[in-house]
Amino acid sequence: MSLPNCPKCSSEYTYEDGVLLVCPECAHEWEPGQEVEEDGVVAIDANGNRLENGDTVTVIKDLKVKGAP
Ligand SMILES: [Zn+2]
């Protein structure tokens, strides 16, 4: 039986603790099957929108410009 690597630090030395998986490398705990962001961080901007990265924000701002050639 193989356990998934730690989503936070990619350690392969994870172990089960009840319903949770635990990483001894960074002490991260999570529920198996629950999708976690690759870097374990979800960025939220002032409007509550989830940010994928800075480039996405730049594109959205550009799209809001109307009337300009
Ligand atoms: Zn870890």
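## Cys6 and the zinc site

Cys6 is a buried residue, with a relative accessibility of 3%. In this predicted model, Cys6 is one of the protein donors of a zinc ion, alongside Cys9, Cys23 and Cys26. Each of these cysteines offers its SG atom, and the donors lie 2.2 to 2.3 Å from the zinc ion. The angles among the 4 donor atoms run from 105 to 113 degrees, and the site is tetrahedral. Four donors count as tetrahedral if all angles lie between 85 and 135 degrees, so the range of 105 to 113 degrees fits that label.

If you like to read such sites from the sequence, look for the spacing C-x2-C-x13-C-x2-C, which the donors of the zinc ion follow along the chain. Cys6 and Cys26 link distant parts of the chain, being 20 residues apart. Cys6 belongs to the segment before β1 (15–17), while Cys26 sits in the loop between β2 (20–22) and β3 (29–30). How exposed is Cys26? Cys26 is partly exposed, because its relative accessible area is 30%, and partly exposed covers the range between under 20% (buried) and over 50% (exposed). As for cysteines bonded to one another, a search of the whole structure finds 0 disulfides.

## Cys23 and its neighbours

Cys23 is another of the zinc donors, and its place is in the loop between β2 and β3. Its relative accessible area is 1%, so Cys23 is buried. Cys23 and Cys6 are separated by 17 residues in sequence, yet their C-alpha atoms are 6.0 Å apart in space.

Which residues does Cys23 touch, not counting those up to four places away in sequence? The list holds Cys6, Cys9, Ser11, Thr14, His28 and Trp30. Two of these names, Cys6 and Cys9, are also protein donors of the zinc ion.

## The segment before β1

Ser11 lies in the segment before β1 and is buried, with a relative accessible area of 8%. Leaving aside neighbours within four places in sequence, Ser11 is in contact with Asn5, Cys6, Cys23 and Glu25. Ser11 therefore counts as buried at 8%, and among its contacts are the zinc donors Cys6 and Cys23.

Tyr13 is also found in the segment before β1, but here the side of the story is exposure: Tyr13 has 53% relative accessibility and counts as exposed. With neighbours within four places in sequence set aside, Tyr13 is in contact with Val22, Pro24 and Glu25. Of these, Pro24 is 11 residues from Tyr13 in sequence, with a C-alpha to C-alpha separation of 6.9 Å.

## Two positive phi angles

Two residues other than glycine deserve a look at their backbone. Ser10, in the segment before β1, has a positive phi near 65 degrees. Ala27, placed in the loop between β2 and β3, has a positive phi of about 65 degrees, although Ala27 is not a glycine.

Are these residues buried or exposed? Ser10 is exposed, with a relative accessible area of 52%. Ala27 is exposed as well, with a value of 61%.

## The three-stranded sheet

Three strands form an open sheet in the order β1-β2-β3, and the pairing is antiparallel. β1 and β3 are the edge strands; each has a single partner strand, so one side of each lacks a neighbour in the sheet. Strands of a sheet pair through backbone hydrogen bonds, in either a parallel or an antiparallel sense.

Between β2 and β3, the antiparallel pairing runs over 2 bridges. Here Leu21 stands opposite Trp30 in β3. Trp30 has already come up, as one of the residues that Cys23 touches.

## The chain as a whole

Stepping back, the protein chain has 1 helix and 5 strands. What order do the elements take from the N terminus on? They run β-β-β-β-β-α.

Of the 69 residues in the protein chain, 13% are buried. The chain exposes about 5,800 Å², and carbon and sulfur atoms supply 49% of that area. Among contacts between residues at least 6 apart in sequence, 10% join residues at least 24 apart.

Key:
Residues are numbered from 1 along each chain as its sequence is written. This is a predicted model: local features need pLDDT of at least 70, side-chain atom pairs count only at pLDDT 80 or more; totals for chains, interfaces and linings use all residues. Side-chain values use heavy atoms; hydrogens and water are left out. Donors are N, O and S atoms within 2.8 Å of the metal (3.2 Å for Na, K and Ca); water is not among the atoms, so sites may look incomplete. Four donors count as tetrahedral if all angles lie between 85 and 135 degrees; four count as square planar and six as octahedral if opposite donors are over 155 degrees apart and all others between 65 and 115; anything else is irregular. Helices (H or I, at least four residues) and strands (E, at least two) are DSSP runs, numbered from the N terminus. Buried means under 20% relative accessible area, exposed over 50%, partly exposed in between (1.4 Å probe, protein chains only). Contact means heavy atoms within 4.5 Å. Two strands pair if DSSP finds at least two bridges between them. Accessible areas come from the Shrake-Rupley method with a 1.4 Å probe; for residues, only the protein chains shown count as cover. A disulfide is a pair of cysteine sulfur atoms within 2.5 Å.
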